Amino acid sequence: MRLTLRTEHAFRVLIHLARHGHTQNRMTIRHIAERHNISHNHLMKVVNDLCHHGLLVGTRGRNGGVSLARSPKDINVGHVIRLMETEGEVMTGCAPLQGRPCILADACRLRHLTRQATDAFMAILDGMSVHDLLS
């Protein structure tokens with residue numbers, strides 16, 4: 001399974017805030033971007049999505065920043081992956097090539113097997129929270 005860089009960055013933000021949340025109420029996106037060597041502009045888009053989905057709370061202004069909207073124990077890993085992976089399916093097999101269906105679709109079980117594998121993989125992640133990702 002391969003996750004996008006966007007999903008990786010989302011987890012970096014969530015884990016960073018979960019790890020340091022007890023010492024600081026809010027952190028700036030710039031601070032997180034610099035600590036993790038991530039493009040500030042790219043991280044802004046990721047944080048905006050996390051705020052839009054209710055995982056983070058963003059505050060503008062001089063004393064602004066972002067913070068977790070809920071406890072790390074209440075942020076489900078599988079849910080975050082589904083929100084951040086915009087391709088629709090987390091893992092696919094036998095995707096149509098250039099808009100044409102595969103000529104082996106009626107004789108091949110690969111797509112069915114990858115769907116089963118994805119469901120099993122996501123079931124494990126659905127049982128984990130951001131708190132479980134902290135060392």
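**Helix α1 and its neighbours**

Hi everyone, let me start with a crossing: helix α1 goes past helix α4 in a right-handed manner. Please keep in mind that what you see here is a predicted model.

How do α1 and α4 pack? Helix α1 covers residues 5-20 and helix α4 covers residues 77-84, and the angle between them is about 135 degrees, with the two axes 9 Å apart. That angle makes α1 oblique to α4.

Now, which residues meet there? On the α1 side we have Arg-6, Thr-7, Ala-10, Phe-11 and Leu-14, and on the α4 side Val-77, Val-80, Ile-81, Leu-83 and Met-84. By character, the residues of this contact split into eight nonpolar, one polar and one charged.

Let me stay with Leu-14 for a moment. If we skip the neighbours within four places in sequence, Leu-14 is in contact with Leu-50, Leu-56, Leu-68, Ile-75, Val-80 and Val-130. Val-80, then, is a contact of Leu-14 and also part of the α4 side of the helix pair.

That takes us to the largest nonpolar core, which has 28 residues; those touching the most other members are Val-13, Leu-14, Leu-17, Leu-43, Leu-50 and Leu-56. Where does this core draw its residues from? The elements giving two or more residues are α1, α2 (29-36), α3 (40-52), β2 (65-68), α4 and α5 (110-126). Helix α1 provides the largest share, with six residues.

There is another residue in α1 that I'd like to show you, and that is His-16. Is His-16 buried or exposed? With a relative accessible area of 6%, His-16 is buried, because the cut-off for that label is under 20%. And what is His-16 in contact with, leaving aside neighbours within four places in sequence? The list is Met-27, His-31, Ile-32, Arg-35 and His-36, so two other histidines appear in it.

Let me zoom out to finish. The protein has six helices and two strands, and along the sequence they come in the pattern α-α-α-β-β-α-α-α. There are 135 residues, of which 32% count as buried. For those of you who like contact maps: take the contacts between residues at least 6 apart in sequence, and 67% of them join residues at least 24 apart.

Thanks for listening, and I'm happy to go back to the view of α1.

Note on methods
Residues numbered from 1 in each chain as written. Predicted model: local features only at pLDDT ≥ 70, side-chain atom pairs only at ≥ 80, totals over all residues. Heavy atoms only, no water. Axes fitted to C-alpha atoms, helices over the stretch in contact; angles between N-to-C directions. Helix = DSSP H or I, 4+ residues; strand = E, 2+ residues; numbered from the N terminus. Parallel < 35°, antiparallel > 145°, perpendicular 65-115°, else oblique. Left-handed = near helix turned anticlockwise from the far one by under 90°. Contact = heavy atoms within 4.5 Å. Nonpolar A, V, L, I, M, F, W, Y, C, P; charged D, E, K, R; others polar. Buried < 20%, exposed > 50% of the residue type's maximum accessible area, 1.4 Å probe, protein only. Core = buried A, V, L, I, M, F, W, Y, C linked by side-chain atoms within 4.5 Å.
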